[in-house]
Amino acid sequence: MGEVIVITSGKGGVGKTTTTANLGTGIALQGKKVVLVDADIGLRNLDVVMGLENRIVYDLVDVTEGNCRLKQALIRDKRYETLYLLPAAQTRDKNAVSPDQMQQLCKDLAEEFDYVIIDCPAGIEQGFKNAIAGADRAIIVTTPEVSAVRDADRIIGLLESEGKHNPRLIINRIRPLMVKKGDMMDIDDIIEILAVDLIGIIPEDEYIVISTNRGEPAVANNSAMASAAYRNIVRRLLGENVPLMTFETNESLWGKFKKVLGF
Amino acid sequence: MQEDVVFKGSKGGLELVINQAVDFAVILEQLKEKLESAAQFFTGSTGVKVVSGTTMLTGDERRQLINLLSDYGLTLSEYPEMDASKPEHGQALDTPGDISTELCQEVEGGQTLIVSRVLRGGQKIVFQGSVLIMGDVNPGAEIIASGNITVQGTCRGIAHAGANGDKTATIMADKLMASQLRIAGLIARAPDNQDEPTCREIARIVNGSVVIEPA
């Protein structure tokens with residue numbers, strides 16, 4: 001039996017889909033069999049980020065409604081053999097699926113795959129309830145903003161009331177320079193509020209924008225900072241003990257100069 | 001005076017019924033009078049659906065109609081094409097008011113649904129007959145027609161022509177960049193790095209596969 005992991009956040013735009021795509025691809029790079037499930041019915045994005053949009057024939061709703069077999073709806077990634085996507089329907093809404101159906105779907109998928117990674121929609125309504133229904137564990141994505149942390153806290157509470165304890169936390173889009181200056185919430189502050197285990201931090205990285213637009217997950221890139229951070233999280237997920245990334249704040253030449261002069 | 005131009009209020013908005021047996025110049029004249037006399041009434045209304053008689057207006061006549069309506073703050077929102085076999089004067093084609101939701105129509109073959117707007121992601125049109133979209137079809141939008149599909153604009157969504165199995169159905173667009181083209185039972189997907197087409201293109205089945213060529 002594989003493991004079902006839901007990627008959730010409460011707040012929108014914090015990087016759930018990007019994280020799903022990169023973790024999934026990262027795990028597949030380690031030779032595991034992975035399926036990504038887009039639970040954001042009606043506002044699907046994961047297929048675009050994975051560059052698989054034009055391969056969609058059947059979707060998740062077709063599977064739950066019995067219009068096709070599960071295997072027919074699974075799209076194999078164009079780069080990695082062990083990576084699959086189950087896309088969401090675009091012309092339907094969240095009510096097209098029930099938590100029970102999602103639970104069954106996750107169970108079926110977990111028999112075939114080592115990891116089932118579910119991209120949860122923003123919000124706490126039906127879509128959220130569907131997405132977490134079949135999950136064994138949850139990964140919360142947040143950004144170092146008060147609003148995102150507030151929503152993450154709410155989500156952790158909701159997960160607990162559904163009997164899903166000990167979620168792991170990813171803090172996304174950290175800007176080390178701003179943290180250093182005290183302009184951005186720092187990691188310790190966030191963990192103190194949320195009181196959950198951190199599984200990784202991801203620095204703000206322009207390469208994420210580039211890779212998302214190209215439909216190629218960044219994790220395979222060897223030079224980008226965010227890619228290395230995602231690879232570390234993958235290793236931690238697979239049980240390795242990897243120390244947290246530390247960021248050298250790249251001060252400008254002028255800044256260093258001023259320091260030397262004692263300003 | 002016989003009324004050759006009639007405004008009707010319907011659930012979907014304002015409908016304009018034109019008697020096409022009459023000369024177009026007369027129609028325009030009458031329409032102008034009507035709009036003039038009831039200018040107050042029409043303020044605030046935006047879209048007008050034309051429900052014309054037997055034949056289509058020519059492009060030039062259409063332009064004149066649009067210009068006249070726009071003088072009074074009205075726009076032409078929908079313009080159905082009538083089948084020649086249905087000469088019933090002034091008969092309203094039952095075009096549904098809300099095409100943003102799934103639209104299923106059971107009409108005898110040979111009809112064309114004209115949609116004058118951009119079809120956005122998540123919007124779906126299902127029609128028994130041909131579909132003409134006067135606007136773009138965005139990624140994530142879906143058109144399923146038992147007949148042909150024509151897009152006067154860029155087609156980036158999914159187009160399924162000949163959905164009931166008609167292998168002679170075609171899909172045409174000013175810029176055919178559909179993520180998927182389906183004709184009858186065949187599916188063709190766009191290449192991963194798609195270039196912008198430089199001319200109007202048409203897709204049809206040739207020797208059992210979907211072929212795209214300049215139209």
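This is a short walk through a predicted model with chains A and B, covering confidence, two helices, the cores and a couple of single residues.

Okay, confidence first, since this is a prediction. The model scores ipTM 0.77 and pTM 0.72. For chain B, the mean pLDDT is 77, with 69% of its residues at 70 or more. Within that chain, the high point is strand 10, residues 158–161, at a mean of 97, and the low point is helix 2, residues 39–42, at 63. Then there's the stretch 81–109 of chain B, where pLDDT stays under 50. The model has 45 contacts beyond four places in sequence for those residues.

How do the two chains meet? Eight residues of chain A are in contact with 13 residues of chain B. On the chain A side, those residues split into one nonpolar, five polar and two charged.

Now over to chain A, and helix 7, residues 146–161. You can do a sanity check on this one: at 1.5 Å a residue, its 16 residues should span 22 Å, and the end C-alpha atoms are 23 Å apart, so that agrees. Which residues of helix 7 are buried? Those are Ala148(A), Val149(A), Asp151(A), Ala152(A), Ile155(A), Ile156(A) and Leu159(A). They cover an arc of only 160° around the axis, so they sit on the same side of the helix. What covers them includes strand 1, helix 6, strand 6 and helix 9 of chain A. Flip to the other side of helix 7 and you find Val146(A), Ser147(A), Gly157(A), Glu160(A) and Ser161(A), which are exposed. After the helix comes Gly163(A), with a positive phi near 80°.

Helix 10 of chain A, residues 206–214, can be read the same way. Its buried residues are Ile208(A), Ser211(A) and Thr212(A). Looking down the axis, they fall within an arc of 100°, so they line one face of the helix. That buried set packs against helix 1, helix 2 and helix 11 of chain A. The face turned away from the buried side carries Glu206(A), Val209(A) and Asn213(A), which are exposed. Just after helix 10, Gly215(A) takes a positive phi of about 75°.

Since helix 1 came up, let's stop at Thr17(A), which is in that helix. Is Thr17(A) buried or exposed? It has 25 C-beta neighbours inside 10 Å, so it counts as buried. Setting aside neighbours within four places in sequence, Thr17(A) is in contact with Asn45(A), Leu46(A), Val49(A) and Asp119(A). Take Leu46(A): 29 residues from Thr17(A) in sequence, but 5.9 Å away in space, C-alpha to C-alpha.

For contrast, here's Arg79(A), in the loop between strand 3 and strand 4 of chain A. With 14 other C-beta atoms within 10 Å, Arg79(A) is partly exposed. Its C-alpha is separated by 31 Å from that of Ala96(A), 17 residues away along the chain.

Last stop, the cores. The largest nonpolar core has 75 residues, and the members that touch the most others are Leu60(A), Val116(A), Ile117(A) and Ile118(A). If you pick Val116(A) and skip residues up to four places away in sequence, its contacts are Gly2(A), Val4(A), Val35(A), Val37(A), Cys106(A), Leu109(A) and Ala110(A). Apart from that core lies another one of 29 residues, among them Phe127(B), Ala161(B), Ile171(B) and Ile205(B).

That's the tour, happy to rotate the view for anyone.

Methods: Residues are numbered from 1 along each chain as its sequence is written. Chains are lettered from A and ligands numbered from 1 in the order in which they are written. This is a predicted model: local features need pLDDT of at least 70, side-chain atom pairs count only at pLDDT 80 or more; totals for chains, interfaces and linings use all residues. A residue is buried if 20 or more other C-beta atoms lie within 10 Å of its own, exposed if 12 or fewer, and partly exposed in between; C-beta atoms are placed from the backbone. Helices (H or I, at least four residues) and strands (E, at least two) are DSSP runs, numbered from the N terminus. The arc is that of the directions from the helix axis to the C-beta atoms. Two residues are in contact if their C-beta atoms, placed from the backbone, lie within 7 Å. The expected span of a helix is 1.5 Å times one less than its number of residues. Ala, Val, Leu, Ile, Met, Phe, Trp, Tyr, Cys and Pro count as nonpolar, Asp, Glu, Lys and Arg as charged, and the others, Gly among them, as polar. A nonpolar core is a set of buried Ala, Val, Leu, Ile, Met, Phe, Trp, Tyr and Cys residues joined through C-beta atoms within 7 Å. pLDDT is the predictor's confidence in each residue, from 0 to 100.
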